[in-house]
Every structure is written in C-alpha cells, then in structure tokens.
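Here's a quick briefing to read with the model open on your screen. Take a look at the fold, then work through the notes below by topic.

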Amino acid sequence: MDITCGIIGLPNVGKSTLFNALTASEADVQNYPFCTIDPNVSVVPVPDDRLGKLAKIYNPKQVTPTILEFFDIAGLVKGASKGEGLGNQFLHHIRNVTALLHVVRCFEDSNVTHVEGAVDPRGDIETIETELILKDLETVERRTEASAKKAKSGDRKLKEEVVFYERLRDHLSEGKSARYFKYGTHEKQLIDELSLLTSKPVMYIANVDEEEYVRGNGKINTIREVAEREGARVVPICTKLEAEVAQLPPDEQKVFLEDIGIRESGLNKVIREAYSLLDLITFFTGNPNELRAWSIKRGSTAYEAAGRIHSDFQRGFIRAEIYKTGDLLREGSEAAVKEKGRVLVQGKEYVVQDGDVILFRFNV
C-alpha cells in the first residue's frame with residue numbers, strides 16, 4: 001500500500017513549488033492560475049536512517065526504501081464543484097488520492113497575485129473546503145436518488161441505505177465534511193463506495209516566506225486554529241526555500257539548513273506527518289540480495305504484512321520470524337540475535353510493530 005498524497009489549494013499559493021521542493025522535479029511554476037492542468041506525479045523514497053544502518057549488517061546487493069507518491073493538482077477556485085476553472089477535472093484527480101496536503105498561502109508578495117485579491121488563510125481554507133463539500137453533496141444526492149428508486153421494490157436493506165444516504169446528505173448540507181460524519185461499522189462499506197473527497201484525511205501546509213519560516217508568522221496561528229477545530233495537522237514550510245535546497249547535493253543540504261536555523265527539511269516534515277496522518281508504520285525484510293522497507297497500516301497482522309509482499313507469502317503462510325531493529329543494531333547480525341534468544345516466532349495474528357525485520361516462512 002503506497003501512500004498517495006494530493007497537493008491541493010487555490011492557484012498561486014505554492015503547490016507546484018512545494019512539489020518541486022519535495023521531489024526535486026521541474027514541475028511548471030507560473031504566476032497564473034491553471035498552469036498545472038494534468039497532475040504532475042512523482043514518487044520519492046521515504047527517508048529512514050534505520051535502512052542505512054541495517055544495510056551495514058545485511059550488506060545487500062540492493063536497498064529499497066518505501067515510497068511516497070505526490071500528485072500536484074492544479075488550483076481550485078470558487079465554483080470548481082460546478083466546473084469553474086476546469087474544476088470537475090481537478091476534483092476527479094483529488095478523488096484518486098489517499099490524503100490531501102492543502103497548501104495555504106501565508107506570504108505577501110506583490111509579484112505573485114492572489115486569486116481572491118488578498119492573502120486570507122481562513123478564507124482560502126473555507127473556499128476549498130466548500131467546493132469539496134459541494135462536490136460530495138452532488139455525489140450523495142445522485143446515490144440517494146438511485147437508491148430511492150430501487151427501494152420502491154420494498155427491499156428492507158435498500159430502504160435502510162436510503163435513510164443512511166439522506167442522513168449523510170443532511171450532514172453535508174450543513175457545510176460539514178464527510179470525515180466528521182458518524183456512522184456504524186455496518187455502514188462503512190456504503191461510505192467507502194462513495195469515495196467522498198472530504199472523507200480523506202487532510203494536512204495543512206502553511207507556506208511562508210524565508211524569514212517567517214524561522215521566526216514564525218501570525219497567519220500560521222490562524223491555520224492552527226482551524227486545524228485544531230478539525231483535528232488536522234499543520235506543517236509550516238517555505239516552499240521557495242525548500243525548492244532551492246532540493247537542488248543542492250545531499251551532503252550540502254543539511255549544512256545549508258542548519259546555517260539558517262532549520263534543523264529538518266520540509267520533505268522530512270511532510271513525510272513524517274503524512275505517516276502519522278495515515279497511521280502507517282514501516283517493517284523491513286532483509287537478505288543478501290535485497291534489504292527493503294515496507295509501509296503498512298498500524299495494527300496490521302503478520303498475515304497481512306505477508307500479503308503486502310506477495311500473495312504467495314500470504315497463501316502459504318507458516319510463521320513469521322521477527323527481529324527487532326534495535327537488537328540487530330546492538331548485536332550486529334541475525335546469528336547473534338538468535339544466539340541471545342531474541343528472535344520472536346509468531347503466527348498469522350501477530351501485530352506487526354514499527355521497525356520489525358521479518359523473515360516469512362511459507363509453503364506454496
């Protein structure tokens with residue numbers, strides 16, 4: 001399960017610049033709306049210092065990190081849910097991502113126009129959220145109509161579905177996102193089938209200028225107030241600075257950031273928060289051919305982790321031999337960990353922990 005993050009926001013807030021910062025790519029950045037019509041897509045490795053340390057133990061031919069996929073989606077404007085500014089096309093792109101990174105402009109720059117005429121983080125957030133809710137409302141209304149026609153047959157299950165859709169429709173009509181809609185376990189499939197835009201987890205990226213990146217910015221506090229009310233996350237970042245840093249050689253990037261008082265790159269911040277947002281953990285598999293990192297949902301079992309690698313591993317699952325990363329780094333080899341009796345032998349129901357190195361035994 002690879003993470004897919006859609007970068008959204010109004011035009012000219014720094015979405016494509018953020019994309020460049022995160023992927024060191026050359027997405028087109030222009031001072032006018034809709035320069036990004038088809039979503040730019042890039043896959044970047046998830047940095048994890050444990051991978052490099054484990055590589056010294058396994059000495060594999062290949063080291064493969066887990067990945068994070070970014071979609072740079074063109075700017076949305078008021079009326080996007082009704083097709084304004086190619087809105088329908090852009091909203092379709094949003095439907096296909098796992099999480100939303102909502103870039104909000106917090107910087108003043110007379111050379112970069114704001115589509116609404118003034119920098120207003122709270123208003124910008126409301127504009128985007130409203131358009132997403134309106135599109136979801138349209139989706140739910142269509143489904144309610146279709147189910148109501150089928151329910152005329154008298155089928156009890158179909159009647160219950162209509163009641164569910166009507167309740168969801170009323171919730172959205174009040175201007176509330178689907179992620180805050182309460183539903184029962186038995187109704188989860190119904191809401192999942194809708195693929196609602198506002199059911200996706202969201203993280204706000206507060207885009208500030210370089211000086212404010214270090215000392216802070218009052219507009220960031222406005223975003224934090226909104227995020228706190230929603231239970232969302234906020235990551236302050238200077239996309240322009242990060243895009244410049246991304247062009248430097250890796251060994252120079254850290255030195256440059258430290259010189260201006262920044263301890264961690266924007267890429268690391270976004271990835272760490274995206275992991276937390278989606279409740280993901282990392283486990284590893286290692287042998288002389290390949291050391292590889294894998295992302296799975298927190299709470300996943302060894303059986304599910306086996307299926308993440310290959311269906312044969314899951315189908316013929318016998319057991320999982322678990323090495324803790326800390327034990328391997330301390331002892332220096334699998335053999336030494338075994339000698340200390342620190343290897344866990346577990347069955348299908350074992351809940352995988354972040355940092356587990358797993359050897360799957362299977363027979364097909």
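In what order do the strands of the open sheet run? This is a predicted model, and in it the 6 strands of that sheet come in the order β2-β4-β1-β5-β6-β7, with mixed pairing. Beyond the sheet, the structure holds 23 salt bridges and 9 aromatic pairs, and a few of those get a closer look here.

**The sheet and its helices**

- Start at the rims of the open sheet: β2 (40-45) and β7 (233-237) are the edge strands, and each has a single partner strand, so one side of each is left without a neighbour in the sheet.
- Going from strand to neighbouring strand, the turn is 25° on average, if you ignore direction.
- For a pairing to zoom in on, try β5 (residues 99-105) with β6 (residues 202-207): these two pair in the parallel sense over 6 bridges.
- To find your place in that pairing, pick Leu 100, whose bridge partner in β6 is Val 202.
- Helix α8 (residues 218-230) lies across β5, β6 and β7, and runs at about 175° to β6.
- Helix α11 (residues 266-278) lies across β1 (3-8), β2, β4 (67-72), β5, β6 and β7. Its angle to β7 is about 175°.

**Glu 129 and Asp 170**

- Is Glu 129, in helix α4 (residues 121-151), buried or exposed? Glu 129 has a relative accessible area of 13%, so it counts as buried, the cut-off being under 20%.
- What does the side chain of Glu 129 join up with? There's a polar contact of 3.2 Å between the side chains of Glu 129 and Arg 179.
- If you skip the neighbours within four places in sequence, Glu 129 is in contact with Ser 177 and Arg 179.
- Asp 170 sits in helix α5 (residues 156-173) and is partly exposed, at 40% relative accessibility.
- Asp 170 and Leu 137 are 33 residues apart along the chain, and their C-alpha atoms are separated by 8.9 Å.

**Salt bridges**

- As general background, side chains of opposite charge can pair when their charged atoms come close.
- Arg 315 and Asp 312 meet through their side chains in a salt bridge, at 2.6 Å from N to O. Both belong to helix α13 (residues 311-315), and being 3 residues apart there puts about one helical turn between them.
- In that pair, Arg 315 counts as exposed at 59% relative accessibility, while Asp 312 is partly exposed at 25%.
- Arg 361 and Glu 321 make a salt bridge too, with 3.0 Å between the closest N and O atoms. This one links distant parts of the chain: Arg 361 is in strand β12 (residues 356-362) and Glu 321 is in strand β10 (residues 317-324), 40 residues apart.
- How do the two ends of that bridge sit? Arg 361 is partly exposed, with a relative accessible area of 33%, whereas Glu 321 is buried at 7%.
- Lys 340 forms a salt bridge with Glu 331, and here the closest N and O atoms are 3.2 Å apart. Lys 340 is exposed at 54% relative accessible area, and Glu 331 is partly exposed at 28%.
- Which residues are linked with Lys 340 in a network of salt bridges? Asp 327, Arg 330, Glu 331 and Arg 342 are in the network along with Lys 340.

**Aromatic pairs**

- Among the 9 aromatic pairs, take Phe 164 and Tyr 165: the ring centres are 5.5 Å apart and the planes stand at 65°, so the pair is edge-to-face. Phe 164 and Tyr 165 are both buried.
- Phe 317 and Phe 360 also make an edge-to-face pair, with 6.4 Å centre to centre and 65° between the planes.
- What does the Phe 317 and Phe 360 pair tie together? Phe 317 lies in strand β10 and Phe 360 in strand β12, so the pair ties together parts that are 43 residues apart in sequence.
- Phe 317 and Phe 360 are both buried.
- The two rings also belong to one aromatic cluster, made up of Phe 283, Trp 294, Tyr 303, Phe 313, Phe 317, Phe 360 and Phe 362.

Notes
Residues are numbered from 1 along each chain as its sequence is written. This is a predicted model: local features need pLDDT of at least 70, side-chain atom pairs count only at pLDDT 80 or more; totals for chains, interfaces and linings use all residues. Side-chain values use heavy atoms; hydrogens and water are left out. Two strands pair if DSSP finds at least two bridges between them. Helices (H or I, at least four residues) and strands (E, at least two) are DSSP runs, numbered from the N terminus. Axes are lines fitted to C-alpha atoms, for helices over the stretch in contact, and angles run from 0 to 180 degrees between N-to-C directions. Contact means heavy atoms within 4.5 Å. Buried means under 20% relative accessible area, exposed over 50%, partly exposed in between (1.4 Å probe, protein chains only). A polar contact is a pair of N or O atoms within 3.5 Å; within protein, one must be able to donate a hydrogen and the other to accept it, and residues adjacent in sequence count only if both atoms are side-chain atoms. A salt bridge is a side-chain nitrogen of Lys or Arg within 4 Å of a carboxyl oxygen of Asp or Glu. Rings of Phe, Tyr and Trp (its six-membered ring) pair if their centres lie within 6.5 Å; planes under 30 degrees apart count as stacked, over 60 as edge-to-face and the rest as tilted.
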